[in-house]
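I opened a new notebook page for this one and went through it a piece at a time. Here is what I looked up, in the order I wrote it down.

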Amino acid sequence: MTMLFVAAAVASVLTASYPCNDKQFPFCDTKLPVRDRVEDLVKRLTVKEKLQLTSSSNGAIPRFDIPAYNWGTECLHGVNTEVGPVGGATLFPQPIGLGASFDANLLREVGNVISTESRALYNGNVSTTKDVEAYLSCFSPNVNIFRDPRWGRGSETYGEDPTLVSELVSSYVNGIQYGLNDEKDVHYVKVVSICKHFAAYSLEEAEGQSRFWFDAEVT
């Protein structure tokens, strides 16, 4: 899982136009597939640098021209800009409301609008509370099933039906990453969609337990 997080972070960086100066590495070659560029860059990173990229707020890696980046942007139902209404974005209904539409095409369109606005915020250099670049990735959608209202975060989900949720989530992810285009026709994703949370994640705070340390034993 750690390498998946590293790859997601690096992929979001590679969608930008950062210069490689005079360094002649394969990951600098924009003509190569993103997967090849990511693999080339990851293998060149030290263990310390890889660990640094597993945080939601990464420090810069100057030797490869990788800037500091905050990839913890939320966009469950709109881009959370963290800077108030001046730099705000469209606010859609919460996922539980979007799930009630039973409309996968609608979710595709919502994802497309969100990623367009996220890209616009990035292009406009809208700052974050961490004062580093962001908006090329987002921690969305929430793929958990709404099992029990006592969880407290059911409004982030698309409901209790696995089939419906899987269809809506798939459309939303495609909207975020590819807009209304076919994946085969897209060279760079618009915004990297990072699905959350881990399997069996249906605990917030209860009876002295917390999601940060609770060990869910799935049977």
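**A pair in one helix**

I began with Arg44 and Asp40, which sit four residues apart in helix α2 (residues 34–44), so about one helical turn separates them. I should say straight away that this is a predicted model. The two residues form a salt bridge, and I got 3.0 Å between the closest N and O atoms. Next I checked how covered each partner is. Arg44 has a relative accessible area of 29%, so I put it down as partly exposed. Asp40 comes out at 6%, and I noted it as buried.

**Following Arg44 to Glu49**

Which residues does Glu49 touch, once its neighbours within four places in sequence are left aside? I found Arg44 again, along with Ile61 and Arg63. Glu49 itself belongs to helix α3, which covers residues 47–52. Its relative accessibility is 12%, so I marked Glu49 as buried.

**Stepping back to the whole chain**

I then wanted the overall layout. I counted six helices and six strands in the protein chain. Reading from the N terminus, I wrote the order as α-α-α-β-β-α-α-β-α-β-β-β. The chain has 219 residues, and 42% of them are buried. For the accessible surface I noted about 12000 Å², with 54% of it belonging to carbon and sulfur atoms. I also looked at contacts between residues at least 6 apart in sequence: 62% of these join residues at least 24 apart.

**More salt bridges**

How many salt bridges does a search of the whole structure find? I got five. Besides the one in helix α2, I followed up two.

One of them is between the side chains of Lys196 and Glu74, at 2.9 Å from N to O. This pair links distant parts of the chain, with the two positions 122 residues apart. I found Lys196 in the loop between β4 (192–193) and β5 (205–206), and Glu74 in the loop between β2 (69–70) and α4 (95–99). Lys196 has 9% relative accessibility, so I entered it as buried. Glu74 has 27% and goes down as partly exposed.

Another joins the side chains of Glu156 and Arg153, with 2.8 Å from N to O. Are these two buried or exposed? Both Glu156 and Arg153 turned out to be buried.

**Aromatic rings**

I moved on to rings and counted five aromatic pairs in the structure. For Trp71 and Phe139, the ring centres are 5.6 Å apart and the planes stand at 55 degrees, so I called the pair tilted. This pair also bridges distant parts of the chain, 68 residues apart: Trp71 is in the loop between β2 and α4, and Phe139 in the loop between β3 (137–138) and α6. Trp71 is buried at 2% relative accessibility. Phe139 is partly exposed at 21%, and I double-checked that one, because the cut-off for buried is under 20%.

Then I took Tyr158 and Tyr172. Their ring centres lie 6.5 Å apart and their planes make 55 degrees, so this pair is tilted too. Tyr158 is in the loop between β3 and α6, while Tyr172 is in helix α6, 14 residues away along the chain. I noted both tyrosines as buried.

I also wrote down one aromatic cluster, made of Phe25, Phe27 and Phe64.

**Another stop in helix α6**

While I was at helix α6, I looked up Ser166, which has its place there, in residues 162–178. Its relative accessibility is 43%, so Ser166 counts as partly exposed. I checked its spacing to Val143 as well: the two are 23 residues apart along the chain, and their C-alpha atoms are 7.7 Å apart.

**Last entry: a patch on the surface**

Which residues form a nonpolar patch on the surface? I listed Phe212, Trp213 and Phe214, which together have about 410 Å² of accessible area. Trp213 lies in the segment after β6 (209–210). At 56% relative accessibility, I recorded Trp213 as exposed.

Conventions
Residues are numbered from 1 along each chain as its sequence is written. This is a predicted model: local features need pLDDT of at least 70, side-chain atom pairs count only at pLDDT 80 or more; totals for chains, interfaces and linings use all residues. Side-chain values use heavy atoms; hydrogens and water are left out. Buried means under 20% relative accessible area, exposed over 50%, partly exposed in between (1.4 Å probe, protein chains only). Contact means heavy atoms within 4.5 Å. Accessible areas come from the Shrake-Rupley method with a 1.4 Å probe; for residues, only the protein chains shown count as cover. A salt bridge is a side-chain nitrogen of Lys or Arg within 4 Å of a carboxyl oxygen of Asp or Glu. Patches are made of residues with over 30% relative accessible area and no salt bridge: like charges are joined within 9 Å, nonpolar side chains (Val, Leu, Ile, Met, Phe, Trp, Tyr) within 5 Å. Rings of Phe, Tyr and Trp (its six-membered ring) pair if their centres lie within 6.5 Å; planes under 30 degrees apart count as stacked, over 60 as edge-to-face and the rest as tilted.
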